[in-house]
Amino acid sequence: AHCPLKCMYCHADDLMGNEARRAEAEGPTADLANVAATAGMFSSLVAVVTGGDPLTRPKRTEYLIEKLAAARKAIVLDTSGVGEIGPLLPLLREHRVHVRVSLDALSEANDEVRPINRRYVKEGICSEYAKKTILRCLEQGIPVTVQTVVTTRNDQKDELPQLRDWLVDIGVKH
């Protein structure tokens with residue numbers, strides 16, 4: 001339930017406030033085991049690891065991926081890219097996890113809609129983290145998709161074509 005961003009269409013202070021974070025341990029908990037067990041019971045084609053940003057709690061993310069892979073689920077990891085994906089890369093490769101990165105524009109328009117919460121991330125901008133995560137996944141042969149929300153901030157004449165062209169140039173297919 002924790003995310004280092006304050007996206008205007010997603011952030012919920014009541015779910016991402018201090019109380020919720022204090023209650024959430026870094027590692028696996030009984031609640032997390034229950035989530036994994038419940039997800040494993042459904043005959044879905046894909047399990048999506050999301051809920052805030054999985055990169056903020058890598059040990060919890062690792063636990064969920066291991067449990068879902070054991071249940072023979074195809075797995076998608078949803079992320080803003082803000083955080084460090086490096087420690088998860090071997091696990092993502094091993095279980096053929098598909099990474100879906102949220103990126104709305106290459107310019108500051110992305111960061112107007114998806115501002116970083118400076119209480120948790122002191123430097124950088126969201127779009128740079130997203131681009132770095134996309135590139136690291138591609139370098140490691142991890143399938144990656146980019147998810148974009150079209151708003152009045154990025155529907156300007158050049159914003160979406162610039163994003164499209166950059167994604168095509170680096171090899172993102174979806």
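This section describes the fold, salt bridges, cavity and surface patch of a predicted model.

The chain holds eight helices and four strands. From the N terminus on, the order of elements is α-α-α-β-α-β-α-β-α-α-β-α. The chain has 174 residues, and buried residues account for 43% of them.

Strand β4 spans residues 144–147 and contains V146. The relative accessible area of V146 is 13%. V146 is therefore classed as buried, since this value falls under 20%. R100 lies 46 residues from V146 in sequence. In space, the C-alpha atoms of V146 and R100 are 5.6 Å apart. R100 falls within the residue range of β3 (98–102).

Seven salt bridges were found in a search of the whole structure. Side chains of opposite charge can pair when their charged atoms come close. One of the seven joins R114 to D104. Their closest N and O atoms are 2.9 Å apart. This pair links distant parts of the chain, with the two positions 10 residues apart in numbering. R114 sits in the loop between α6 (108–113) and α7. D104 sits in the loop between β3 (98–102) and α6. Both partners are buried: R114 has a relative accessible area of 5%, and D104 has 2%. Each counts as buried because its value is under 20%.

A salt bridge also connects R164 and D165. Here the closest N and O atoms are 2.9 Å apart. R164 is partly exposed, at 47% relative accessible area. D165 is likewise partly exposed, at 36%. Elsewhere, salt bridges with shared partners join E84, K132 and R136 into one network.

Within that network, the side chains of E84 and K132 meet in a salt bridge with an N to O distance of 4.0 Å. The pair links distant parts of the chain, 48 residues apart. E84 belongs to the loop between β2 (74–79) and α5 (89–94). K132 belongs to helix α7, which covers residues 126–139. Relative accessibility is 36% for E84 and 44% for K132. Both residues therefore count as partly exposed, as their values lie between 20% and 50%.

The network residues also appear around a cavity. Rolling a probe the size of a water molecule over the atoms shows where empty space is left. In the whole structure, the search returns one cavity of 30 Å³ or more. The volume of the largest cavity is about 40 Å³. Its lining consists of G81, G83, E84, I85, Y129, K132, T133 and R136. E84, K132 and R136 are thus part of the lining and are also joined by salt bridges. By class, two lining residues are nonpolar, three are polar and three are charged. The nonpolar residues are I85 and Y129, because Ile and Tyr count as nonpolar. The charged residues are E84, K132 and R136, because Glu, Lys and Arg count as charged.

On the surface, L45, V46 and V48 form a nonpolar patch. Together these residues have about 290 Å² of accessible area. V48 lies in strand β1, which runs over residues 46–49. The relative accessible area of V48 is 41%. V48 is therefore partly exposed. This value also suits V48 to the patch, because patch residues need over 30% relative accessible area.

How values were computed: Residues are numbered from 1 along each chain as its sequence is written. This is a predicted model: local features need pLDDT of at least 70, side-chain atom pairs count only at pLDDT 80 or more; totals for chains, interfaces and linings use all residues. Side-chain values use heavy atoms; hydrogens and water are left out. On a 1 Å grid over the protein atoms alone, a cavity is a set of points where a 1.4 Å probe fits but cannot get out, and a pocket is an open set with protein on both sides within 12 Å along at least five of seven lines; lining residues have an atom within 4 Å of a point. Grid points are joined across faces, edges and corners, and a volume is the space filled by probe spheres set on the points. Patches are made of residues with over 30% relative accessible area and no salt bridge: like charges are joined within 9 Å, nonpolar side chains (Val, Leu, Ile, Met, Phe, Trp, Tyr) within 5 Å. Accessible areas come from the Shrake-Rupley method with a 1.4 Å probe; for residues, only the protein chains shown count as cover. Buried means under 20% relative accessible area, exposed over 50%, partly exposed in between (1.4 Å probe, protein chains only).
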